[in-house]
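Colleague: I would like to learn how to read the fold of a model like this one, beginning with the overall chain and then turning to a sheet.

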Amino acid sequence: MVTIRELAEKPELFTPGHRACAGCGPAIALRYITKALRGPTIITEATGCMEVVSTIYPYTAWKVPWVHTAFETAAANASGIEAAVKALKRKNLLKYDHVDVIALAGDGGTYDIGIQALSGAVERGHDFLYVLYDNEGYMNTGIQRSGGTPKGASTTTSPAGTIVPGKTQNKKPIAEIMLAHEIPYVATASIGYWADVIAKVQKGLAAEGPAFLHLLAPCPRGWRSDTAKSIELARLAVETCVFPLWEAVDGELAMSPQSKAIGLKPDRKKPVADYLKMQRRFSHLFTPKFQHIADEIQADVDKRWNKLLKNCNVSPAVKV
Amino acid sequence: MATKTEQQMVPLNGDEAVALAVKQSDVDVVAAYPITPQTIIVEKFSEYVANGEVDTEFVCVESEHSALAASLTASLTGARAFTATASAGLALMHEMVYVTAGCRAPVVMAVTNRALSAPINIHGDHSDVMAERDSGWIQLWAENAQETYDSIIQAFRIAEHKDLLTPVMVNLDGFWLSHTLENVNILPDEVVKKFVGTREFPFVTDTEGKQVPFKLDPNNPLTLGPLDLPDYYFEHKRQQEEAMHVAPKIIKEVHDEYAQLTGRSYGNAFVDAYCMEDAEIATVCLGSAAGTTKTVVDYLRSQGVKAGVLRIRTFRPIPWEDIITSLEGAKAIAVMDRSNSVGADGGPLFHEVRHLLYGSRGHPPVVDYIYGLGGRDMPPKTIHAIYKDLYDIASTGKVKHFVNFAGVRD
């Protein structure tokens with residue numbers, strides 16, 4: 001595993017001076033991802049927060065070749081780049097032995113408008129890493145709900161009103177959907193654990209064929225959270241089992257150490273309310289009228305967590 | 001200057017001619033999705049791949065939107081890229097059609113023109129591509145399968161020219177061209193490969209002031225497709241218009257060099273003016289309708305009628321000088337539109353031709369005939385009737401209806 005010293009010595013390929021908000025989780029995600037690169041790389045990115053803040057012409061934060069074309073096209077763009085690299089290599093027109101291809105997209109570009117292109121690209125088996133930086137909403141355009149917005153969250157298109165308690169649907173299980181595509185590598189990660197993120201990006205790049213990384217990245221603007229608490233929140237998501245960490249190499253599902261530790265010692269599992277209360281997008285859930293939604297969320301989390309424990313063959317360590 | 005090459009005559013339909021031209025043009029990436037009447041192109045190319053006849057990377061995508069998205073980034077990575085579509089497929093691509101032109105990616109695309117839904121209809125008309133007039137692509141239009149083959153080969157040279165870097169569409173009429181077998185003269189593979197050549201990249205200044213090739217290259221990282229705000233967007237869109245001013249010179253050079261090689265030319269590369277020198281009545285059209293119209297013109301000429309037909313081969317950039325010069329001497333002109341701009345009082349070609357003639361010397365009357373929608377046939381007698389109308393307009397100076405529908409039940 002990479003050390004912090006080694007990481008500090010690597011060049012910054014996503015450079016300072018971009019226009020992300022204070023405490024931006026996705027900007028931290030990009031810094032980790034670019035620190036994990038292993039050689040010549042081309043990145044393509046969907047329309048979204050990170051595209052907007054990093055490439056306002058004539059400035060760019062990128063020291064990696066980078067291309068954006070549209071909102072729903074990250075995976076299709078990666079297909080084209082990978083195909084070009086293969087064809088040019090075959091014809092001796094490429095000076096690199098290998099070029100890694102990364103597609104970046106937010107939750108809107110992945111769960112919603114980009115899922116067709118993503119599903120198609122992985123079915124075709126292109127060798128690329130798709131990183132979903134999930135900040136759980138269309139944040140760049142002013143906090144609208146996406147298929148990745150969790151239940152109960154208030155957004156401008158799922159506002160908490162007097163009748164409706166924010167978003168009424170659960171987050172789409174996107175990583176499980178990608179797992180069902182039977183691709184070589186699928187993992188979840190949280191920006192709360194930098195070493196885990198970097199290790200998973202490296203595994204995704206090393207995988208032969210499509211790899212998918214679901215990376216949780218808090219958004220203080222959209223989550224209505226303290227800009228100093230983004231990393232803390234990203235860890236709490238894991239500690240409460242709202243966002244468990246796992247990976248599947250060739251379909252073999254295994255819990256990552258941060259979540260496995262909770263599975264082995266259930267008393268470490270924190271209440272979901274600890275996580276929800278740090279975010280004002282959920283503040284209405286802690287009023288008498290909508291408290292039952294907060295309870296439902298806890299029940300949903302427990303149900304999914306228990307299923308994952310079973311699927312990963314993790315059970316509490318027996319006390320001696 | 002190249003000399004005329006020995007060629008082989010083979011039976012091909014328009015779609016097969018496209019596939020063969022792509023195969024011979026040493027294309028690196030083809031990303032495409034099948035749709036009637038373009039399907040034969042994709043099927044034929046798949047066969048080439050299956051039989052090891054090409055070393056192209058063929059990406060059989062899940063939609064036309066992804067077809068162009070993948071072709072676009074393949075092109076920006078430095079590959080020669082091709083795609084093909086029709087009708088609803090082009091409509092689904094619409095967003096990426098603009099993005100491809102705006103990114104200055106020299107993709108070549110065959111559009112096997114077909115009607116748009118609803119009602120759903122798989123047959124030929126020009127509704128699909130007329131929605132892309134403003135997108136910033138160069139548009140070549142073929143009259144027959146031979147021209148389809150020739151234009152595809154020329155299109156790569158045009159699109160990839162480093163002073164231009166502008167995508168090119170080659171239009172062929174669905175079924176009339178795509179599915180009709182013709183005798184096509186084809187060049188040897190190595191001759192086409194040499195003619196098309198390898199891609200050259202213009203150099204641009206990166207953020208550190210270094211001159212780097214315009215492509216996605218790990219050693220020379222560029223940020224392509226960035227966010228462009230009101231302080232620069234306008235200049236970039238203006239640059240696309242500037243490229244269209246450079247395009248005619250390149251289209252002409254490539255056309256003429258190809259003519260030297262093959263002995264085949266298409267008018268002056270921009271318009272194919274048939275019996276137009278002294279024409280008093282003339283029609284203007286795009287695509288395969290010109291073939292039938294030329295036959296009608298021959299008949300009218302044999303009867304002593306000074307008829308002519310102007311086929312526009314390069315529709316974008318519009319050859320405004322050639323159109324004005326060819327038409328301003330006529331006494332009456334009919335534009336033939338195989339699509340309609342609903343509610344706009346006439347079809348798109350009519351608007352463009354009439355606009356060009358507004359300030360011309362003769363200021364001849366221009367009328368519109370919308371015809372052939374959804375694959376409705378356009379037989380010689382319908383065309384003959386249009387010339388009859390023109391004769392009346394020329395004789396009386398009076399126009400009954402500026403916008404007409406030809407061959408439709410009332």
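The dialogue below takes up the chain as a whole and then one sheet with its helices.

Modeller: Please keep in mind that this is a predicted model. In chain B there are 12 helices and 18 strands, and the C-alpha atoms fill a box of roughly 70 × 50 × 50 Å along the principal axes.

Colleague: Which radius of gyration does chain B have, and what would a compact globule have?

Modeller: The idea is to compare the chain with a globule of equal length: for 410 residues a compact globule would have a radius of gyration near 22 Å, and because chain B has 21 Å, the two agree. Buried residues make up 55% of the 410 residues, and among contacts with a separation of 6 or more, 79% join residues 24 or more positions apart.

Colleague: In what order do the six strands of the open sheet in chain B lie?

Modeller: One reads a sheet from edge to edge, and here the order is β12-β14-β13-β16-β17-β18 in chain B, with mixed pairing. The edge strands, β12 (271-274) and β18 (403-406) of chain B, each pair on one side only, while neighbouring strands are turned by 20 degrees against each other on average, direction ignored.

Colleague: In which sense do β13 and β16 of chain B pair?

Modeller: Strands β13 (residues 281-285) and β16 (residues 332-337) of chain B pair in the parallel sense over four bridges, and A282(B) stands opposite I333(B) in β16(B).

Colleague: Which strands does helix α11 of chain B touch?

Modeller: Helix α11 (residues 348-357) of chain B packs on the sheet, touching β13, β16 and β17 (366-371) of chain B, and its direction makes about 150 degrees with that of β16(B).

Key
Residues are numbered from 1 along each chain as its sequence is written. Chains are lettered from A and ligands numbered from 1 in the order in which they are written. This is a predicted model: local features need pLDDT of at least 70, side-chain atom pairs count only at pLDDT 80 or more; totals for chains, interfaces and linings use all residues. Helices (H or I, at least four residues) and strands (E, at least two) are DSSP runs, numbered from the N terminus. The radius of gyration is taken over C-alpha atoms; the globule rule is 2.2 Å times the number of residues to the power 0.38. A residue is buried if 20 or more other C-beta atoms lie within 10 Å of its own, exposed if 12 or fewer, and partly exposed in between; C-beta atoms are placed from the backbone. Two residues are in contact if their C-beta atoms, placed from the backbone, lie within 7 Å. Two strands pair if DSSP finds at least two bridges between them. Axes are lines fitted to C-alpha atoms, for helices over the stretch in contact, and angles run from 0 to 180 degrees between N-to-C directions.
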